[in-house]
Amino acid sequence: MMEILQSGQYPEYLTFCEKMGAHFMQIPNWSRVKSGWESKILVRREAGEICAGVLLLRRKVGPFCLIYAPRGPVCDLEHLEKLMEDVLRYAKQRRACCLKIDPHVPAEQAEYAARLQALGFTQIPAGAMGNTQPKFVYQIRIAHRDAGQILQSFAPKTRYNVRVAGRRGVQIWRGGSERVSEFYPLLVETGQRDGFVVRQMQYYRNLLDQMGEYAQLFLAEYEGKPIAGAIAVWFGKHAWYLYGASSKARREAMPNYLMQYQMMLWAREKGCEIYDMRGISGDLREDNPLYGLYRFKKGFGDRGGWGIYRNCLASSRSPSVRWPTPATARLCGCGNGISRGCSKSSGKRAPGKRNKKMLQIKNRAEFSALFWLFSYFTVMSSYSCVPMPSFSACSRQDFHSTLGLTW
């Protein structure tokens with residue numbers, strides 16, 4: 001049976017996530033980072049213990065809502081179907097127009113994908129860097145390696161650049177949110193240079209504060225001034241390079257190389273076995289405009305087969321009901337199941353001007369909802385009103401992709 005956890009039960013779910021090797025976006029701390037979304041944690045139990053769960057984020061869109069499970073659900077194959085049936089019921093009760101999941105599961109797991117597709121999920125077409133979460137990520141194994149062994153695993157040029165930064169006096173500072181104001185201008189400059197959207201500074205401050213011990217801000221300083229920075233997150237045996245920024249000035253000091261190396265050493269201190277550099281393009285041809293990003297990240301896992309290029313699964317599903325017009329409101333579960341203006345004896349709509357006016361109001365509401373949905377989907381192309389799901393997969397040793405689906 002489905003259970004919605006109360007905040008006092010979140011430590012139990014956190015322990016379960018750690019045991020299952022869950023992604024950091026499925027832990028309760030992440031729901032506090034996403035302050036613009038309502039959040040709920042749904043679980044199933046066996047013998048009183050949590051056996052499956054998922055953190056859901058919900059956002060209102062007119063009279064409907066979007067529901068998203070970032071890098072969820074957290075469960076094995078045995079409990080997947082029951083959990084997702086609970087999630088689908090929950091989504092319908094909340095009048096969700098779209099449910100999107102992108103499990104922290106390799107996309108090569110065909111049975112995992114097949115079971116989700118049997119529930120009505122379909123694969124989301126991904127762009128070069130995926131949808132909400134990157135479809136292709138570059139991961140580096142750092143388990144059982146000391147600082148020297150990690151450095152020796154780098155490509156020769158990468159290893160040389162790490163040493164250049166050290167010789168030129170680059171210093172790496174790490175801490176919490178107290179120096180976000182120094183990191184943020186670097187991030188804005190990087191966004192303008194590379195053409196990606198940067199959030200307000202408060203978002204990054206809140207991320208570091210809410211993630212607490214699981215997040216760290218790094219700054220690379222040259223002659224006492226920050227010239228590069230990054231935010232990293234860890235949970236369980238996994239660490240992620242989440243945000244990075246650098247100044248165009250003093251790039252010859254190679255601050256990013258030394259900073260990445262120090263971030264890997266920090267991950268090892270936390271007991272992590274995988275260092276995830278996150279998004280890269282699925283097209284590895286050298287003429288691809290994003291090839292330089294792949295080349296930079298690959299340099300940190302070039303030797304010994306420690307670099308993994310992961311293909312990630314992502315899926316979505318739209319409700320199996322039609323849009324709620326007056327004639328289909330009860331089928332959709334919208335409202336209380338009794339149409340206003342209906343005769344109590346026959347259930348037929350009573351004639352009259354009042355009913356005509358109500359029909360017009362309902363149509364306006366429907367138009368407004370569709371307008372807001374269209375606007376939202378235009379901005380957030382990772383969501384879709386049409387049937388679609390999200391998963392994860394491995395196609396070769398240095399290639400790792402995750403699965404993404406919508407319902």
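Is aspartate 76 buried, partly exposed or exposed? In this predicted model, aspartate 76 has a relative accessible area of 31% and is therefore classed as partly exposed. The residue sits in the loop that links strand S4 (64-69) to helix H3 (77-93). Its side chain is in polar contact with that of histidine 79, at 2.8 Å. The C-alpha atoms of aspartate 76 and tyrosine 112 are separated by 8.9 Å in space, with their positions 36 residues apart in sequence. Tyrosine 112 is itself included in a nonpolar core, as described below.

The protein chain as a whole contains twelve helices and 15 strands. Of its 407 residues, 52% are buried. The accessible surface amounts to about 19100 Å², and carbon and sulfur atoms account for 52% of that area. When contacts between residues at least 6 apart in sequence are considered, 74% of them connect residues at least 24 apart.

The largest nonpolar core comprises 74 residues, and those touching the most other members are Tyr13, Phe24, Leu207, Met211 and Tyr275. Helix H9 (residues 255-269) makes the greatest contribution to this core, supplying nine residues. A second core, separate from this one, has 24 residues, among them Leu42, Ala52, Tyr90 and Tyr112. With residues up to four places away in sequence set aside, methionine 211 touches Phe24, Ile27, Asn29, Trp30, Val33 and Val233.

Val233 falls within strand S10 (residues 225-235), of which ten of the eleven residues are buried, so the strand is largely enclosed by the rest of the structure. S10 is paired on one side of the sequence with strand S9 (residues 215-222), in the antiparallel sense and over eight bridges. Its pairing with strand S11 (residues 238-246) is likewise antiparallel and extends over eight bridges. Isoleucine 231 of S10 takes part in both pairings: leucine 217 is bridged to isoleucine 231, and isoleucine 231 has tyrosine 243 as its bridge partner in S11. The hairpin of S9 and S10 has two residues between the strands, and glutamate 223 there adopts a positive phi near 55°. Two residues also lie between S10 and S11 in their hairpin, where glycine 236 in the turn shows a positive phi of about 65°.

Glutamine 26 occupies the loop between helix H1 (10-20) and helix H2 (28-33). Its relative accessibility is 0%, so glutamine 26 counts as buried. A polar atom of the glutamine 26 side chain is placed 2.9 Å from the backbone oxygen of proline 70. Beyond neighbours within four places in sequence, the contacts of glutamine 26 are Tyr13, Cys17, Val54, Leu55, Ala69, Pro70, Arg71, Gly72 and Val74. Tyr13 is also one of the residues with the most contacts to other members of the largest nonpolar core.

The number of disulfides in the model is zero. For cysteine 65, the closest cysteine sulfur is that of cysteine 97, and the 6.7 Å between the two sulfurs is too far for a bond, given a cut-off of 2.5 Å. Both cysteines of this pair are buried: cysteine 65 has a relative accessible area of 0%, and cysteine 97 has a relative accessibility of 4%.

How values were computed: Residues are numbered from 1 along each chain as its sequence is written. This is a predicted model: local features need pLDDT of at least 70, side-chain atom pairs count only at pLDDT 80 or more; totals for chains, interfaces and linings use all residues. Side-chain values use heavy atoms; hydrogens and water are left out. Buried means under 20% relative accessible area, exposed over 50%, partly exposed in between (1.4 Å probe, protein chains only). Helices (H or I, at least four residues) and strands (E, at least two) are DSSP runs, numbered from the N terminus. Two strands pair if DSSP finds at least two bridges between them. A polar contact is a pair of N or O atoms within 3.5 Å; within protein, one must be able to donate a hydrogen and the other to accept it, and residues adjacent in sequence count only if both atoms are side-chain atoms. Contact means heavy atoms within 4.5 Å. A nonpolar core is a set of buried Ala, Val, Leu, Ile, Met, Phe, Trp, Tyr and Cys residues joined through side-chain atoms within 4.5 Å. Accessible areas come from the Shrake-Rupley method with a 1.4 Å probe; for residues, only the protein chains shown count as cover.
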